Amino acid sequence: MRKEYGNKVAVRKLSLMVPLGSIFGFLGPNGAGKSTSIKMLLGLVKPTSGEAFVLGERAGDVAVRRKIGFLPEHFRFYDWLTPAELLRLHGRLCGMAAAKLRERIPVMLDLVGLTPHRDKRVHDFSKGMMQRIGLAQALIHEPEIIFLDEPTSGLDPMGRRLVRDVIRAQRERGATVFLNSHLLSEVEVTCDNVAFLKDGEVVAAKDLHALGEAEVHVVVRARQLSPQAIAGLAPWTTAASVEGEQLTMTARSSDVLPHVVRHLAASGADIYSLIPARASLEDLFVRIMGEDRGL
Amino acid sequence: MGCWVMAGITFREAARKKILWTALLAGLGFLALFGIALHYQIEDFGAHSSAPFIRYQILSAMLMVGLYVVDLLAVVMTILTSVDTISGEISSGTIHAIATKPIPRWQILIGKWIGFVGMIAGFVALTFGGTIAVAYWMGGVMPENAFHGALLVFLECLLALSVTFMFGTWFSTLTNGVIVIGLHGLAFMGGWLEQMSGFTESARLVAVGVVTSLIMPSESIWRRAAFEMQTPLAGSLPFSPFANVSIPSPTMIGYASFYLLVALGIAVYHFHWRDL
Ligand SMILES: Nc1ncnc2c1ncn2[C@@H]1O[C@H](COP(=O)(O)OP(=O)(O)OP(=O)(O)O)[C@@H](O)[C@H]1O
Ligand SMILES: [Mg+2]
């Protein structure tokens, strides 16, 4: 899909496949076109060209929207309602029966931790509370796909954990979660797959479960490291350097680490610690996006 | 289904935000003022002991002034209360969570429209009916075809509402308000021009008046209503919003209804296709 606003290209060439039942992370710097992409998938914004299919039907069709939940980026809702009234409104718009809603609303309020605030107007909510009610609104009808546009941007640590748990619970339920986020540490622990968007184009896609098989950085604290021992690491590492008692190296994969330890021990070194650091998503992100050139 | 949920929530919003009550209070305030004015006028009749025929004519004219104010009040209330409903939700982003729900977009717009129509009907019934009731109860005057007149005033409000909805799918709240009030002002001016021309028999002025009524037929609906409601004598006063000099034809009412439907249709169409 492609989207232009006037002569500004918001999404250049979006080509994406999201597996059902997974948690999909959609990453990219500010202004990359993540929100615009989600809006196209929901039918809020018409693509300038191209088309998308969600659950086998054209994106934005009423029939598909029945199976979709959405937490918008700016999570603004009718703030003159109480949280329970807001959930009832959204539930009814999803076509839910009154009886079903009566039983589901307290459950949802409980899930997002808003039961103590049930009689307040949403107007008086803090940013994080607004986000929580937004999350409840997106999940009220047990959708098959949930689009979350930066769901943790205003949340406290408990709130973030809550969102993480909710997202995982949705996957357990069999739902698919499409997640826009800048918090890579969160994405790293929740997502199954990620795609990187840059200037409106998908530049890379990764299976996060496979990420661990790639290179690892290892920091070893040891004494009696001989230069020969370091040189002998070559078969397993791509880089190694010593600074005092600290040996830093990049191993080809975590599978080779036992060989490295055995080699070092055999060469007479005393090893005090060995700490592997997985090539983090953040490193990957920075590598893919390049340096920040400003927006 | 979605229509009724949206209509209900529109009504709820007006009630919660106290818009509804404020408008009703303004209507009641007007009725009280109208009652006081009638009261003093009738008392002064006693002092001057005018002929019954003159008294009746004066009270009828006062009633028409009252109804004219009701008309103006209803149109302005319609525009003010509905001006933010589409554009405001688009610019604040509340529309995102609504328009992604499994209801077609036209139901969102029409639902809101129905909500306003209900409120306007209540407002017109209260103020228009109230004015007539006060006049009848205090002065014994009754307009001709009162119900027909009320329907025409209601139609004028629906026209203003639909035009406000239409521009609301394009412009920001403020711009929308400026455009719709401006259009109504234009129609207002056109109405007077047409009347004046009827009096001065200037054909070119008639043409200008007709063209403005075609651009925005709101005021001409009122002039038709005034014509249908008043007693023949009151209508012969040369310069007044109720003068019979230049009466919009029933065709004009047909045109206004068509205008209303087209505006609503364009609103639905544009709201359906635009990016939110
Ligand atoms: N309605 C609009 N009119 C004009 N330009 C727009 C509009 N919406 C988005 N854009 C432009 O499209 C580009 C992508 O915007 P988008 O909101 O999709 O970015 P994003 O990836 O969600 O960024 P962020 O991480 O800051 O939320 C931006 O350059 C933005 O200026
Ligand atoms: Mg965004």
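This is a short chat about a predicted model, covering its magnesium site and the fold of chain B.

Biologist: Before we start, what should I know about the numbering and the cut-offs?

Modeller: Residues are numbered from 1 along each chain as its sequence is written, and chains are lettered from A and ligands numbered from 1 in the order in which they are written. This is a predicted model in which local features need pLDDT of at least 70, side-chain atom pairs count only at pLDDT 80 or more, and totals for chains, interfaces and linings use all residues, while side-chain values use heavy atoms and leave out hydrogens and water.

Biologist: Which protein donors does the magnesium ion (ligand 2) have?

Modeller: They are A:S35 through OG and A:E73 through OE, lying 2.0 to 2.2 Å from the ion; donors here are N, O and S atoms within 2.8 Å of the metal (3.2 Å for Na, K and Ca), and because water is not among the atoms, sites may look incomplete.

Biologist: And is A:S35 buried or exposed?

Modeller: A:S35 counts as buried at 16% relative accessibility, whereas A:E73, at 27%, counts as partly exposed. Buried means under 20% relative accessible area, exposed over 50%, and partly exposed in between, with a 1.4 Å probe and protein chains only.

Biologist: Switching to chain B, how much of it is buried?

Modeller: Buried residues make up 54% of its 276 residues, and the C-alpha atoms of chain B fill a box of roughly 70 × 45 × 30 Å along the principal axes.

Biologist: What share of the chain B contacts is long-range in sequence?

Modeller: Counting contacts with a separation of 6 or more, 81% join residues 24 or more positions apart, where contact means heavy atoms within 4.5 Å.
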